[in-house]
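Please look over the sequence and the model below before reading on. The paragraphs after it are meant as a guided walk for someone who has not met this structure before.

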Amino acid sequence: MQEFTQLVQLMETLRSDEGCPWDRKQTTDSFRTFLLQEVYEVIEAIEEENAAMLREELGDLLFHIVFLAQISKESGHFDIRDVVKDVYTKMHGRHPHVFRREAPVTESSAVEQKWEELKKKEKGDRPLLSGVPRNMPALLRAYTITGRAAKTGFDWEKTEDVFEKMSEELDEFRKAEAAGDTASIREEIGDILFTMVNLSRRFHVDPEDALRRTINKFTRRFSYIEKKVNLTDTSLEEMDRLWNEAKRMEKKGE
């Protein structure tokens, strides 16, 4: 595709001796934060259902991918063509029901099972939880890890068991709080959050997405309060009243 080739050539120019000093200075390590930021901006565009914003943010993300591939090319490792070829080969191979018609499937769950089988065949036997990045957001990492474990049968038999576990963890937290044991309080809070992730997984709810939505909701309602009053000299009762007012307005779609 001509446009993609032009983007790759632009990146090569930016990294050349006659290019941009800032672009030439960048390394793969410096892109860790940049890349995370771009991914979250893509997610925000998706959540806001903003097609124009999504188009722009996908372009920014693609630019970062091309940038990283160019740095790797200069180091003699691989270039963007290798990246495209590898992912094409992998995705073609993991969809035999589409491209080879040797194992037709009609259910999404069957596709997922076949995917895991092919993935295991490609990568060989290795620990089940390996490959889950340590730098993932904690909620998402817990969701991924517990999901993998559950596929082996290591899971609660019924949702009620998770509720019982939650009650147990809350009791342990209260004991730690009563004892003033800071280390145990931190541990028990972690256990509570981990149990909540398991609960969300059983209802097929991404906990990272759920919490992000709640944070956005809190931000909207608190901002409403902030617009109405001076926070430094307003009572809690008045802020609660305005909070509930904002909540009612949201439910009415105002």
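What follows leads through charged pairs, a surface patch and a separation along the chain.

The model shown here is a predicted one, and a convenient place to begin is with its salt bridges, of which the structure holds 16. Side chains of opposite charge can pair when their charged atoms come close.

One of these pairs is formed by the side chains of Glu-12 and Lys-73, which meet at 3.1 Å, taken from N to O. This pair links distant parts of the chain, since Glu-12 belongs to helix 1 (residues 2-15) while Lys-73 belongs to helix 4, and the two are 61 residues apart. Glu-12 is partly exposed, with a relative accessible area of 29%, and Lys-73 is also classed as partly exposed, its value being 36%.

A second salt bridge brings together the side chains of Asp-155 and Arg-202, with an N to O distance of 3.3 Å. Asp-155 sits in the loop between helix 8 (138-150) and helix 9 (159-179), whereas Arg-202 is part of helix 10 (residues 182-202), so the pair ties together parts that are 47 residues apart in sequence. Of the two partners, Asp-155 has a relative accessible area of 31% and is partly exposed, and Arg-202, at 21%, is partly exposed because buried means under 20%.

Within helix 9 there is a pair of another kind, in which the side chains of Asp-171 and Arg-174 form a salt bridge of 3.0 Å, N to O. Because Asp-171 and Arg-174 are three residues apart in helix 9, about one helical turn separates them. Asp-171 is partly exposed, with 40% relative accessible area. Elsewhere, salt bridges that share partners join Glu-47, Asp-209, Arg-212 and Arg-213 into one network.

From charges the walk turns to nonpolar side chains. On the surface, Val-87, Tyr-88 and Met-91 form a nonpolar patch, and together these residues have about 290 Å² of accessible area. Val-87, one member of this patch, lies in helix 5, which covers residues 80-93, and with a relative accessible area of 39% Val-87 is partly exposed.

The last stop returns to helix 4 (residues 51-74), where Glu-74 is found. Glu-74 counts as partly exposed, with a relative accessibility of 41%. How far is the C-alpha atom of Glu-74 from that of Val-98? The two residues are 24 residues apart along the chain, and their C-alpha atoms are separated by 37 Å.

Notes: Residues are numbered from 1 along each chain as its sequence is written. This is a predicted model: local features need pLDDT of at least 70, side-chain atom pairs count only at pLDDT 80 or more; totals for chains, interfaces and linings use all residues. Side-chain values use heavy atoms; hydrogens and water are left out. Patches are made of residues with over 30% relative accessible area and no salt bridge: like charges are joined within 9 Å, nonpolar side chains (Val, Leu, Ile, Met, Phe, Trp, Tyr) within 5 Å. Accessible areas come from the Shrake-Rupley method with a 1.4 Å probe; for residues, only the protein chains shown count as cover. A salt bridge is a side-chain nitrogen of Lys or Arg within 4 Å of a carboxyl oxygen of Asp or Glu. Helices (H or I, at least four residues) and strands (E, at least two) are DSSP runs, numbered from the N terminus. Buried means under 20% relative accessible area, exposed over 50%, partly exposed in between (1.4 Å probe, protein chains only).
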